[in-house]
Amino acid sequence: MRGEELVVNEALKVRALPEGSYDKLLEFLRLYRDAVQIVVDRIWGIDEKLSWKKLHRLFYSDLMRLGLRAHHAKEIYVNAKSLMESAKGNSGRKPVLRKLSARIDKYDYKLDLDNMVLTLKLHNNYEVKLRLVTPRERVEKFRSWSNYELVVKYEDGEFWVSIYFKRIVKSLKPRTVIAIDLNFGNVTLAIYTPDGRRVRLKKLKTPHKKILTHKIWVERIQKKYPKSWRFIKGVRRAIEKHGERIKNISWDYAHKTGNTTAKLAFRHHSVIILEDLEKLRENNKKRDKEFNKKLGLWFYRRIQFCIEYEAMERNLQVAKIDPRGTSSKCPRCGGRLVEDGYRVLRCRKCGFIGDRDVTATINIYKKYISKHSRCGVPGVAPNAPKPDENPSGMQGNRDEAMTTSNHMNLYES
Ligand SMILES: [Zn+2]
């Protein structure tokens with residue numbers, strides 16, 4: 001669980017107007033295109049793997065003789081090589097370049113965002129200044145980013161520049177794991193330390209009953225007007241209204257859950273563990289009988305989307321695990337769990353008893369830790385709760401129980 005550096009890349013494409021004559025820039029773009037073509041032609045028949053060093057040896061002095069700069073040359077080989085590789089992979093025909101487009105390394109341009117001016121270094125020591133034609137607000141966010149490369153293009157009589165920006169995001173080094181179980185009735189968040197102690201537990205009741213009520217209304221109306229509902233304005237309007245409510249309730253819930261999760265994860269320096277919903281669909285279609293029929297994956301996807309979004313905003317890590325067995329295996333001995341009363345599971349082999357949702361979080365946590373224990377965190381198996389532990393899973397402090405019930409009220413009133 002090391003803190004990671006993430007690199008975020010983004011390109012800004014803007015129109016650019018050369019100051020003065022276009023001639024030198026056009027001449028450069030043609031020279032660049034022709035140079036790429038020469039390299040493509042010459043390496044087309046070579047089957048051996050061409051290293052960067054070898055390309056340099058083959059082409060550097062020729063490209064210098066054309067008046068190009070050292071970094072132009074480098075971009076040209078790299079460009080030619082990748083063109084050749086993708087052509088061989090696709091059509092198998094040697095590419096013939098027509099478009100005027102050049103990739104330019106950071107050593108060969110100067111970007112002045114204050115004055116919205118880009119200076120390019122061209123062949124034979126020519127320089128050209130281009131004015132960037134775009135609202136300043138579009139550029140504003142990139143001021144704190146670094147830029148490392150750009151592409152200049154000539155299309156239909158206009159010059160366009162795509163500037164590649166990057167920003168390094170340092171994600172926090174996680175100290176705990178927050179395991180999230182989504183099911184029909186609840187979203188359960190449980191925070192575990194690397195040695196398997198549970199330090200926080202929170203259940204958020206899903207608004208499924210409210211959503212279902214609206215769905216039932218829609219079905220009732222459609223049944224009453226089986227053919228005409230689409231065409232009677234009042235009826236269609238009523239259906240749309242219920243649809244809107246479903247949309248609002250589910251997004252509202254997803255946003256709040258995303259926010260609650262990310263806040264908790266931030267406070268406890270947690271890596272967030274979600275079940276991989278794609279795998280869930282593949283392996284276990286009837287994990288929850290109501291699951292597909294009534295609410296469907298869309299609702300879970302929406303919740304996960306919001307959790308991931310809020311996590312990204314706070315530079316938190318998110319990982320996904322295969323959900324196979326998380327709600328049916330005993331976290332202590334691996335035996336099969338059976339129902340033992342309302343939302344309680346019991347292991348026939350070892351006697352483990354646990355709340356269904358909390359048990360799922362233990363399994364989710366264990367799956368993650370067994371894969372990631374090599375990253376400097378002792379991968380000790382979690383202490384499964386003792387059989388006599390309160391099976392409701394609500395053994396958090398009083399505050400926590402309060403916030404949980406407040407949260408429920410939000411959706412039930
Ligand atoms: Zn067991």
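What arrangement do the four donor atoms around the zinc ion make? The close-up views below, taken from a predicted model, begin with this site.

**Figure 1. Coordination of the zinc ion by Cys330, Cys333, Cys347 and Cys350.** The SG atoms of these four cysteines lie at 2.2 to 2.3 Å from the metal. The arrangement is tetrahedral, because the donor atoms subtend angles of 101 to 115° around the zinc ion. Along the chain, the donors follow the spacing C-x2-C-x13-C-x2-C.

**Figure 2. Cys333 and Cys347 at the zinc site.** Cys333 is placed in the loop between β12 (318-321) and β13 (337-339), while Cys347 belongs to strand β14 (residues 344-347); the pair therefore ties together parts that are 14 residues apart in sequence. With a relative accessibility of 35%, Cys333 counts as partly exposed. Cys347, by contrast, counts as buried, at 1% relative accessibility.

**Figure 3. The salt bridge between Lys141 and Glu10.** The closest N and O atoms of Lys141 and Glu10 are 2.8 Å apart. Distant parts of the chain are linked by this pair: Lys141 is in the loop between α4 (136-140) and β6 (146-155), Glu10 is in strand β1 (residues 5-18), and the two are 131 residues apart. Lys141 has a relative accessible area of 43% and is partly exposed. Glu10 likewise counts as partly exposed, at 32% relative accessibility. In the whole structure, a search finds 22 salt bridges.

**Figure 4. The salt bridge between Glu244 and Lys247 in helix α6.** The side chains of Glu244 and Lys247 meet at 3.9 Å, N to O. Because the two residues are three residues apart in helix α6 (residues 233-267), about one helical turn separates them. Glu244 is partly exposed, its relative accessible area being 41%. Lys247 also counts as partly exposed, with 43% relative accessibility.

**Figure 5. The salt bridge between Glu308 and Lys320.** In this pair, 3.3 Å separates the closest N and O atoms. The contact links distant parts of the chain, with Glu308 in helix α9 (residues 297-313) and Lys320 in strand β12, twelve residues apart. Glu308 is partly exposed, at a relative accessible area of 30%. For Lys320, the relative accessible area is 41%, and this residue is partly exposed.

**Figure 6. A network of salt bridges.** Lys203, Arg343, Asp355 and Asp357 are joined into one network by salt bridges that share partners.

Terms used: Residues numbered from 1 in each chain as written. Predicted model: local features only at pLDDT ≥ 70, side-chain atom pairs only at ≥ 80, totals over all residues. Heavy atoms only, no water. Donors = N, O, S within 2.8 Å, 3.2 Å for Na, K, Ca; no water. Tetrahedral: all angles 85-135°; square planar, octahedral: opposite > 155°, others 65-115°. Helix = DSSP H or I, 4+ residues; strand = E, 2+ residues; numbered from the N terminus. Buried < 20%, exposed > 50% of the residue type's maximum accessible area, 1.4 Å probe, protein only. Salt bridge = Lys/Arg side-chain N within 4 Å of Asp/Glu carboxyl O.
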